[in-house]
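Work through the exercises below with the sequence and the model in view. Try each task before reading its solution.

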Amino acid sequence: MNRIVENILRFLIVVLLQVLVLNNIQFIPLCTPYIYVFFLLCLPVELPRWADILIGFATGVIMDCFCNTVGFHAFACTAVCYLRQLSIRWFVDNVDRLQGTPSAFSFLNFAAYIKYVVLLVLVHHGCVILLDAFTFHHLWWTLLQVIVSSAITIVVIVTYDIIRN
């Protein structure tokens with residue numbers, strides 16, 4: 001029961017931080033960090049895949065409601081949760097030893113955690129930003145937005161996770 005409460009609190013904190021602070025701050029024209037994806041990255045490893053995808057979709061729908069988008073976040077979060085357990089299997093040698101929430105210190109090595117975070121944040125930001133642009137007219141600008149937003153989000157997530165542990 002304690003892990004359920006911890007995940008609910010984590011969800012509330014990152015969504016409120018995203019909606020009330022980060023969505024209203026424009027760092028630079030091509031940067032919109034979406035740190036709420038941290039909640040999806042920290043879901044328990046033992047979670048069934050159907051529950052993982054359902055939580056991702058629900059998180060995306062909630063963010064779509066707050067961000068006034070039409071399914072961009074729902075698609076991106078569902079894609080992240082679909083790939084989450086696969087990426088854990090790709091980057092971690094002995095998946096059976098993993099328990100609880102993935103973090104920089106629960107993975108068997110730090111490099112695997114960085115690969116996990118980078119892949120899923122790039123997938124999420126790529127989906128949201130490419131769907132938002134919905135054109136190939138300024139493709140280089142859009143790809144630059146994906147890279148810069150992802151880089152800032154990755155730095156925030158990894159820094160927070162190192163400080164937390």
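The exercises go from the whole chain to single residues and then to pockets.

This is a predicted model, in which local features need pLDDT of at least 70 and side-chain atom pairs count only at pLDDT 80 or more, while totals for chains, interfaces and linings use all residues. Residues are numbered from 1 along each chain as its sequence is written, and side-chain values use heavy atoms, with hydrogens and water left out.

**Exercise 1. The whole chain**

Task: Describe the secondary structure, the dimensions and the surface of the chain.

Solution.

Step 1. Count the elements. Helices (H or I, at least four residues) and strands (E, at least two) are DSSP runs, numbered from the N terminus. The chain has six helices and zero strands, and its pattern along the sequence reads α-α-α-α-α-α.

Step 2. Check the dimensions. The radius of gyration is taken over C-alpha atoms, and the globule rule is 2.2 Å times the number of residues to the power 0.38. For 165 residues a compact globule would have a radius of gyration near 15 Å, and the chain agrees because its value is 15 Å. Along the principal axes, the C-alpha atoms fill a box of roughly 45 × 30 × 30 Å.

Step 3. Look at contacts (heavy atoms within 4.5 Å). Among contacts in the chain with a separation of 6 or more, 71% are between residues 24 or more positions apart.

Step 4. Look at the surface, computed by the Shrake-Rupley method with a 1.4 Å probe; for residues, only the protein chains shown count as cover. The accessible surface of the chain is about 9000 Å², and carbon and sulfur atoms hold 71% of that area. Buried means under 20% relative accessible area, exposed over 50%, and partly exposed in between (1.4 Å probe, protein chains only). Of the 165 residues, 45% count as buried.

**Exercise 2. Residues in helices**

Task: Are Ser87, Thr153 and Leu83 buried, partly exposed or exposed, and which residues do they touch?

Solution.

Step 1. Take Ser87, which lies in helix α4. Ser87 is buried because its relative accessible area is 0%. Not counting residues up to four places away in sequence, Ser87 touches Tyr116, Leu119 and Leu120.

Step 2. Take Leu83, which also lies in helix α4. Leu83 has a relative accessible area of 22%, so Leu83 is partly exposed. Leaving aside neighbours within four places in sequence, Leu83 is in contact with Leu120 and Val123. Leu83 and Leu120 are 37 residues apart along the chain, yet their C-alpha atoms are separated by 7.5 Å.

Step 3. Take Thr153, a residue of helix α6. Thr153 counts as buried because its relative accessibility is 0%. Its contacts, not counting residues up to four places away in sequence, are Pro33, Tyr34, Ile35, Val37, Val121 and His125.

**Exercise 3. Residues with positive phi**

Task: Where are Asn68 and Phe134 found, and are Asn68 and Phe134 buried or exposed?

Solution.

Step 1. Asn68 is found in the loop between α3 (49-67) and α4. Asn68 is not a glycine, but has a positive phi of about 60 degrees. With 73% relative accessibility, Asn68 counts as exposed.

Step 2. Phe134 is found in the loop between α5 and α6. Phi of Phe134 is near 50 degrees, a positive value in a residue other than glycine. Phe134 counts as exposed, at 69% relative accessibility.

**Exercise 4. Two pockets**

Task: What volume does the largest pocket have, and what volume does the second largest pocket have? Which residues and elements line them?

Solution.

Step 1. Fix the terms. On a 1 Å grid over the protein atoms alone, a pocket is an open set of points where a 1.4 Å probe fits, with protein on both sides within 12 Å along at least five of seven lines; lining residues have an atom within 4 Å of a point. Grid points are joined across faces, edges and corners, and a volume is the space filled by probe spheres set on the points.

Step 2. The largest pocket holds about 320 Å³ of space. Its lining has 19 residues, and the closest to its centre are Thr32, Tyr34, Ile129, Asp132 and Gln145. Two or more lining residues come from each of α4 (72-91), α5 (110-133) and α6 (139-164). The largest share, four residues, comes from α5.

Step 3. The second largest pocket holds about 220 Å³ of space. Arg10, Ile13, Val14, Leu17, Ile35, Phe38, Val156, Ile157, Tyr160 and Arg164 line this pocket. The elements that give two or more residues to this lining are α1 (2-20) and α6.
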